[in-house]
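Please open the model in a viewer and keep the sequence at hand. The tour below proceeds by selection, with a short account of what is found at each stop.

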Amino acid sequence: MRFIVSNTTEAGIVFDPSCKFTDKPALSYPGKLVQLLYHRFEHFKGDTTKGFIILPCELIFHNGKHLKECILQYITHWNLGLEFKNWFNNACSVYNTLVDRIVPGYPKDNVEQILNRIGYDDKQLVKGEVYHLWVIEAPKAYPQSFPPTKPD
């Protein structure tokens with residue numbers, strides 16, 4: 001596993017001081033993520049090649065920066081140590097992202113046609129436009145584990 005992609009809604013990237021490291025799992029998404037990161041850190045004995053590329057897709061300006069701040073708050077709040085903090089800072093990359101996709105909702109104008117075509121009654125049917133965009137703000141010099149795609 002190399003990538004972590006999240007989309008927890010705008011309210012999902014928040015530091016909650018009531019979360020405990022011993023919670024199974026922590027209530028907040030960043031708390032759960034720190035628990036996972038710490039488990040990986042311990043399992044691989046601090047191997048810096050075992051970090052993650054973390055891509056938050058929540059609709060928050062500078063979502064990666066905000067998530068990284070929450071992670072560092074938990075590391076400090078839970079006294080997880082300088083060695084783990086250094087591992088996180090050196091082995092993991094958290095990037096800002098921008099995701100855009102138009103999803104107008106239930107296709108009431110042609111729902112019968114769609115249901116006939118798929119052959120069953122889908123209670124969660126939703127219409128999504130063809131347009132979509134995913135922007136990842138990364139440094140000019142990519143880490144070796146995340147090279148830009150080479151043209152064929």
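Begin in β3 by selecting V94, which is the bridge partner of I54. The model shown is a predicted one. Next select I53, whose bridge partner in β3 is S93. Together, β2 and β3 run parallel and are joined by 2 bridges.

**The sheet**

Now select I4 and follow its pairing to I54, its bridge partner in β2. The strands β1 and β2 are joined by 4 bridges and also run parallel. Widen the selection to the whole sheet: 3 strands form an open sheet in the order β1-β2-β3, with parallel pairing. The edge strands, β1 and β3, each pair on one side only.

Stay with β2 and display its side chains. Which way do they point? I53 and L55 point one way from the strand, while I54 and P56 point the other way. All four of these residues are buried.

**Helix α1**

Select residues 29-43, which form α1. With β1 and β2, this helix makes a right-handed β-α-β unit. At 1.5 Å a residue, the 15 residues of α1 should span 21 Å, and the end C-alpha atoms are 21 Å apart, so the two values agree.

At the N-terminal end of α1, select S28, which caps the helix: a side-chain oxygen of S28 lies 3.0 Å from the backbone nitrogen of G31. Moving to the other side of the helix in sequence, select K45, just after α1, which takes a positive phi of about 55 degrees.

Then colour the buried residues of α1, among them Y29, L33, L37 and F41. What covers them? The cover includes β1 (3-6), β2, α2 and α3.

**Helix α3**

Finally, select residues 82-91, the helix α3, where F84, W87, F88 and A91 are buried. Turn the view to look down the axis of α3: its buried residues fall within an arc of 100 degrees, so they line one face of the helix. The face turned away from this buried side carries L82 and N90, which are exposed.

Against which elements do the buried residues of α3 pack? Show α1 (29-43), β2 (53-56), α2 (63-77) and β3 (93-94) together to see these partners. The tour thereby returns to β3, where V94 is the bridge partner of I54.

Notes
Residues numbered from 1 in each chain as written. Predicted model: local features only at pLDDT ≥ 70, side-chain atom pairs only at ≥ 80, totals over all residues. Heavy atoms only, no water. Buried < 20%, exposed > 50% of the residue type's maximum accessible area, 1.4 Å probe, protein only. Arc of directions from axis to C-beta. Contact = heavy atoms within 4.5 Å. Expected span 1.5 Å × (residues − 1). Polar contact = N/O pair within 3.5 Å; in protein donor to acceptor, adjacent residues only side chain to side chain. Pairing = 2+ DSSP bridges. Right-handed = clockwise from strand over helix to strand, strands pointing away.
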